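Got the viewer open? Let's take a walk through this one, a selection at a time.

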Amino acid sequence: MAEYRTHMKIIGDILATTRDDLQDEDGASVTYLIRKANISHSRISIILKTLVSQGLLEKTGNQGSNKYKISEPGREFLQAYYTFTNFANDFGLSI
Amino acid sequence: MEFLLENILNLIGFLVGLVIGIMSYIGFRNTGSPTLFRLTIAFSSISLGFFVIWTGYMVEDFVTKTGSVERWIQTLGIAIQTVGYFFIAFSHSIKSFFPKSSYFRSVGIIPLFLVSSVQLEHIFRSVSFILLAYGAIETMLSYFDNKNKGAISVSVGLGLLALGEFVGWYSFVFPESILYSASMIIKIGGLIALFIPVSKVPLTKIKFNGDLE
């Protein structure tokens, strides 16, 4: 059975991919992120737009081939995400 | 002896609740997670509930000196704690705690106005026991899913608090027995067990960020 993922977990997966699992130095393409995060194109587009506007991701690449890299605030957010995921897990909950 | 234990219990409850509440709030501010927001409300309420009772004992000890704490203060503190226990249980997906019918919702509160504060205290203790037992079982079940050892400690903590509530409630049957003191010692053990995994959370390099929608 497929595991249910919260919105927060999907964001965590996307940020973790852009931090740990990049295709090349320019960043990860949308197609690559769709495959890694296992999420639809329409949904990931909204999330990526939000993450870029929040400063957690940086958009790189030229027009037509957008790529995404994690920013410094994104790294800090991901660190906090892991810390508080463990914190919530201690209470038998997921964030 | 009971007075001293009561003071220790309420002070520890206030501090443990406050620390976990603050950590949940920091987590909420950093991640925007609704789960952490519910935990913030839960542990803030628990902390406030213990603080109200502790304040009642302090006022009695240093100001009024009547020999016993005002019953309504005790009831108020327990009621506020019950709200906190509700939010812990609610985080474990209690979706139908209240009746769906608006009629039952409106009349359901009436019995609370027909009973004395002593009876209210019994009701709140009973509800707290159910909520805490539910939270303990759900937390233990989550351990079997993710094998997170901290969940055992939290589950034991909630379980001991539930047991403490039950023994405390049962002590009304045998008022002069050791049961009430035992209930407070059990609850102190529960609060310590709750705090153990939380004390291991590394908070270095975590700062407040804007909420993520």
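Start by selecting chain A and colouring by secondary structure: you should find four helices and three strands. Follow the chain along its sequence and the order reads α-β-α-α-β-β-α. Keep in mind as you go that this is a predicted model.

Stay with chain A and look at its overall build. Its C-alpha atoms fill a box of roughly 45 × 30 × 20 Å along the principal axes. How compact is chain A for its length? Its radius of gyration is 13 Å, and the globule rule gives 12 Å for 95 residues, so chain A is as compact as a globular protein of that length. Of those 95 residues, 34% count as buried. Now turn on contacts inside the chain: taking pairs at least 6 apart in sequence, 48% of the contacts join residues at least 24 apart.

**Next stop: where the two chains meet**

Bring chain B into view. Here 20 residues of chain A are in contact with 28 residues of chain B. Which element of chain A gives the most to that side? Select residues 72-90 of chain A: this is helix H4, and it supplies twelve residues. Colour chain A's side of the meeting by class and you get eleven nonpolar, seven polar and two charged residues.

While you're on helix H4 of chain A, pick out Phe84(A), which sits in it. Is Phe84(A) buried or exposed? There are 25 other C-beta atoms within 10 Å, and 20 or more is the mark for buried, so Phe84(A) is buried. Setting aside neighbours within four places in sequence, its contacts are Ile95(A) in its own chain, plus Gly27(B), Asn30(B), Thr31(B), Ser33(B) and Leu36(B) across in chain B. Want a distance to draw? Try Phe84(A) to Gly12(A): the two are 72 residues apart in sequence, and their C-alpha atoms are 12 Å apart in space.

**Over to chain B: a pair of helices**

Select residues 34-64 and 71-91 of chain B, which are helices H2 and H3. Their axes come within 8 Å and cross at roughly 165°. An angle over 145 degrees counts as roughly antiparallel, and H2(B) and H3(B) are therefore roughly antiparallel to each other. Their crossing is left-handed. Show the residues in this contact by class and you'll see 17 nonpolar, nine polar and one charged.

Now zoom in on Gln81(B), which lies in helix H3 of chain B. Gln81(B) counts as buried because it has 28 C-beta neighbours inside 10 Å. Leaving out neighbours within four places in sequence, it is in contact with Ser45(B), Ile46(B), Gly49(B), Phe50(B) and Ser128(B). For another line to draw, join the C-alpha atoms of Gln81(B) and Ser47(B): they are 7.5 Å apart, with their positions 34 residues apart along the chain.

**Last stop: another pair in chain B**

Finish with residues 149-170 and 179-199 of chain B, helices H6 and H7. How do their axes run? They come within 7 Å and cross at roughly 165°, and H6(B) and H7(B) are therefore roughly antiparallel to each other. H6(B) passes H7(B) in a left-handed crossing. Colour this contact by class as well, and look for 16 nonpolar, eight polar and one charged residues.

Methods:
Residues are numbered from 1 along each chain as its sequence is written. Chains are lettered from A and ligands numbered from 1 in the order in which they are written. This is a predicted model: local features need pLDDT of at least 70, side-chain atom pairs count only at pLDDT 80 or more; totals for chains, interfaces and linings use all residues. Axes are lines fitted to C-alpha atoms, for helices over the stretch in contact, and angles run from 0 to 180 degrees between N-to-C directions. Helices (H or I, at least four residues) and strands (E, at least two) are DSSP runs, numbered from the N terminus. Angles under 35 degrees count as roughly parallel, over 145 as roughly antiparallel, 65 to 115 as roughly perpendicular and the rest as oblique. A crossing is left-handed if the near helix is turned anticlockwise from the far one by less than a right angle, and right-handed if clockwise. Ala, Val, Leu, Ile, Met, Phe, Trp, Tyr, Cys and Pro count as nonpolar, Asp, Glu, Lys and Arg as charged, and the others, Gly among them, as polar. The radius of gyration is taken over C-alpha atoms; the globule rule is 2.2 Å times the number of residues to the power 0.38. A residue is buried if 20 or more other C-beta atoms lie within 10 Å of its own, exposed if 12 or fewer, and partly exposed in between; C-beta atoms are placed from the backbone. Two residues are in contact if their C-beta atoms, placed from the backbone, lie within 7 Å.
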